[in-house]
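Open the model in your viewer and keep the selection tool at hand. We will go from stop to stop, picking residues and looking at what surrounds them.

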Amino acid sequence: MSIDACIAHAIHSDLDILEALPEIHDLPVEDMENYIEQYVCTVHQDMRSVIVQFGDMFVQAKDAAGLCATCLDNGIVLPSHMLLKMCQTIIQMQELDAKFILDTEDGKSLYYMKLELA
């Protein structure tokens with residue numbers, strides 16, 4: 001999968017908005033959607049930038065802890081346990097030969113995957 005798809009999947013599955021943005025409790029309801037959308041886009045762009053610039057060797061080595069430390073060192077501000085889980089997901093997804101198809105009505109993602117059976 002592409003790095004963008006891997007990051008998007010990690011954000012979708014591992015990012016806990018309430019934990020990452022405790023200030024969200026103080027926002028008016030009508031402002032939440034835009035605030036969260038902007039935050040998620042920023043996290044995606046920042047992670048992509050860090051991984052492309054500094055993290056490729058960790059992705060290739062399948063070193064989620066090293067990738068997490070690199071992200072933390074380069075300004076990704078997320079709780080470390082959450083970021084580590086996201087990095088683990090990115091590395092797992094990087095190994096897959098899959099293409100995103102669509103999100104279902106119940107919020108699940110559908111992928112086309114190529115598998116090799118032994």
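Select Lys 108. This residue is exposed, with a relative accessibility of 53%. That value earns the label because exposed means over 50%. Now add Asp 106, which is exposed too, at 57% relative accessible area. The two side chains meet in a salt bridge, 3.9 Å from N to O. This is a predicted model, so treat each stop as a feature of a prediction. Why does 3.9 Å count as a salt bridge? The pair qualifies because the nitrogen of Lys only has to lie within 4 Å of a carboxyl oxygen of Asp.

How many salt bridges does the structure hold? There are 2. For the other, select Arg 48 and Asp 4. Their side chains meet at 2.9 Å, N to O. This pair links distant parts of the chain, 44 residues apart. Show helix H3, residues 29-60, to see where Arg 48 sits. Then show helix H1, residues 3-14, which holds Asp 4. Are these two buried, exposed or in between? Arg 48 is partly exposed, at 35% relative accessible area. Asp 4 is partly exposed as well, at 30%.

Stay on helix H1 and select Asp 14. This residue is buried, yet it has no salt bridge. Which side chain of opposite charge is nearest? Pick Lys 85, 4.3 Å away. Side chains of opposite charge can pair when their charged atoms come close. Here the distance of 4.3 Å is not within 4 Å, so Asp 14 and Lys 85 do not count as a salt bridge. Next, pick Ser 13. Its side chain and that of Asp 14 are joined by a polar contact of 3.4 Å. Now look beyond the residues within four places in sequence. There, Asp 14 is in contact with Met 82, Lys 85, Met 86 and Thr 89.

Move along to Leu 15, in the loop between H1 and helix H2 (17-20). Buried or exposed? Leu 15 is buried, at 12% relative accessibility, because the cut-off for buried is under 20%. Select what it touches, leaving out residues up to four places away in sequence. The list is Ala 10, Ala 20, Tyr 39, Val 40, Leu 78, Met 82 and Met 86. Try the distance tool here. From the C-alpha of Leu 15 to the C-alpha of Asp 46 you should get 14 Å. In sequence, those two residues are 31 apart.

Now jump to helix H4, residues 64-73, and select Ala 69. This residue is partly exposed, with 34% relative accessibility. Use the distance tool again, from Ala 69 back to Ser 13. Their C-alpha atoms are separated by 20 Å. Along the chain, the two are 56 residues apart.

For the last stop, turn to the surface. Select Phe 100, Ile 101, Leu 102, Leu 110 and Tyr 112. Together they form a nonpolar patch with about 490 Å² of accessible area. Which elements give two or more residues to the patch? They are strand S1 (98-103) and strand S2 (109-113). The largest share, 3 residues, comes from S1. Finish on Phe 100, in strand S1. Phe 100 is partly exposed, at 43% relative accessible area. It can join the patch because patch residues need over 30%.

Definitions and conventions: Residues are numbered from 1 along each chain as its sequence is written. This is a predicted model: local features need pLDDT of at least 70, side-chain atom pairs count only at pLDDT 80 or more; totals for chains, interfaces and linings use all residues. Side-chain values use heavy atoms; hydrogens and water are left out. Helices (H or I, at least four residues) and strands (E, at least two) are DSSP runs, numbered from the N terminus. Buried means under 20% relative accessible area, exposed over 50%, partly exposed in between (1.4 Å probe, protein chains only). Lys and Arg count as positive and Asp and Glu as negative; His and the chain ends are not counted. A polar contact is a pair of N or O atoms within 3.5 Å; within protein, one must be able to donate a hydrogen and the other to accept it, and residues adjacent in sequence count only if both atoms are side-chain atoms. Contact means heavy atoms within 4.5 Å. Patches are made of residues with over 30% relative accessible area and no salt bridge: like charges are joined within 9 Å, nonpolar side chains (Val, Leu, Ile, Met, Phe, Trp, Tyr) within 5 Å. Accessible areas come from the Shrake-Rupley method with a 1.4 Å probe; for residues, only the protein chains shown count as cover.
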